[in-house]
Amino acid sequence: MKIILVILLLILFNSCDNTRELDGKWVITKMTYNGEEIYPKTISENFRIIVNINGYEGAERIQFRVEDSTIVFPGFNTNEIVANFSLSSKKLKTSFNDSNQIPDTSSLRADAIFIQDYDIIDLEHKLKMGLKSQKTKMIIIKESYLIEQQTRNITNNL
């Protein structure tokens, strides 16, 4: 019985090491819609602080807020879009939960691009992933990982 318990604990700890830390900001490194390469540009009257990361200057982000299952997408010459998400296995589903969240007509293009069901594609690192739907494909990297890498490079060059 003790052996089974030890094996179960080892499986649990190993599976925790492989889980993706979704919460936080993810930098969009590449994006296509209907096979055409596109890139969002958020325009907002609200004050925004954006950390410039060497090699990713001006890059837009997707923010996952796990505590309330919301996701913030950048706009296409519009404000950010706030939606809900659910995660199961290797699937990410994004949606609006009520009519109050449906944005005005100026951002309908962004809605069509982002509000979809995605397959999560594992890439070479757990802090980098692909999102693929019928129409939209993205490669995103965890912002905190990029900042850590940049800091490490600066420190190594001192």
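Start by selecting Lys142 and Glu21: their side chains meet in a salt bridge, with N and O 3.6 Å apart. Lys142 sits in strand S11 (residues 136–142), while Glu21 is in the loop between helix H1 (2–17) and strand S1 (24–33), so this pair ties together parts that are 121 residues apart in sequence. Colour the two by accessibility and you get a contrast. Lys142 is buried, with a relative accessible area of 3%, whereas Glu21 is exposed at 51%. Before you move on, keep in mind that you are looking at a predicted model.

**More salt bridges**

How many salt bridges does the structure hold? There are six, and we will visit two others.

Select Glu124 and Lys128 next. They form a salt bridge in which the closest N and O atoms are 2.9 Å apart. Glu124 is exposed, with a relative accessible area of 65%, and Lys128 is partly exposed at 21%.

Now go to helix H3 (residues 143–156) and pick Arg152 and Glu148. These residues are four apart in the helix, so about one helical turn separates them. Their salt bridge has its closest N and O atoms 2.9 Å apart. Arg152 is partly exposed, with a relative accessible area of 42%; for Glu148 the value is 42%, and this residue is partly exposed too.

**Three strands side by side**

Show the cartoon and select residues 91–95, which are strand S8, together with residues 117–122, which are strand S9. S8 and S9 run antiparallel and are joined by three bridges. To see how they line up, find Leu92, which stands opposite Tyr118 in S9.

Add residues 128–132, which make up strand S10. How does S10 run relative to S9, and how many bridges join them? The two run antiparallel, with four bridges between them. Here the residues to highlight are Asp122 and, opposite it in S10, Met129. Follow the chain from S9 to S10 and you will trace a hairpin, with five residues making the link.

**A stop at Thr70**

Select Thr70, which belongs to strand S5 (residues 70–73). Is Thr70 buried or exposed? With a relative accessibility of 9%, Thr70 is buried, because anything under 20% counts as buried. Look for its side-chain partner, Asp68: the two side chains share a polar contact of 2.7 Å. Then show what surrounds Thr70. Beyond its neighbours within four places in sequence, Thr70 contacts Gln63, Phe64, Arg65, Val82, Ala83, Asn84 and Phe85. Keep Phe64 selected, since the name returns at the next stop.

**Into the nonpolar core**

Which members of the largest nonpolar core touch the most other members? They are Phe64, Phe114 and Ile140, in a core of 24 residues. Many elements contribute: S1, strand S4 (61–65), S5, strand S7 (81–88), helix H2 (108–114), S9, S10 and S11 each supply at least two residues. S1 gives the most, with four.

Centre the view on Phe114. Setting aside neighbours within four places in sequence, Phe114 is in contact with Met31, Pro40, Phe73, Pro74, Phe76, Thr94 and Met138. There is also a second, separate core, made of seven residues, including Val27, Leu127, Ile141 and Leu146. Try giving the two cores their own colours.

**Aromatic pairs**

Our last stop is about rings. A pair of aromatic rings is described by the distance of the centres and the angle of the planes. The whole structure contains four such pairs.

Select Trp26 and Phe64 to see one of them: this pair is edge-to-face, with 6.5 Å from centre to centre and 85° between the planes. Trp26 lies in strand S1 and Phe64 in strand S4, so the pair ties together parts that are 38 residues apart in sequence. Trp26 is buried, with a relative accessible area of 0%, and Phe64 is buried at 1%.

Next, select Phe73 and Phe114. Their ring centres are 4.5 Å apart and their planes meet at 15°, so this pair is stacked. Phe73 lies in strand S5 and Phe114 in helix H2, so parts that are 41 residues apart in sequence are tied together. Phe73 is buried, with a relative accessible area of 1%, and Phe114 is buried at 0%.

To finish, return to Trp26 and Phe64 and add Phe85: ring pairs link these three into a cluster.

Terms used. Residues numbered from 1 in each chain as written. Predicted model: local features only at pLDDT ≥ 70, side-chain atom pairs only at ≥ 80, totals over all residues. Heavy atoms only, no water. Pairing = 2+ DSSP bridges. Salt bridge = Lys/Arg side-chain N within 4 Å of Asp/Glu carboxyl O. Buried < 20%, exposed > 50% of the residue type's maximum accessible area, 1.4 Å probe, protein only. Polar contact = N/O pair within 3.5 Å; in protein donor to acceptor, adjacent residues only side chain to side chain. Contact = heavy atoms within 4.5 Å. Core = buried A, V, L, I, M, F, W, Y, C linked by side-chain atoms within 4.5 Å. Phe/Tyr/Trp six-rings, centres within 6.5 Å; stacked < 30°, edge-to-face > 60°.
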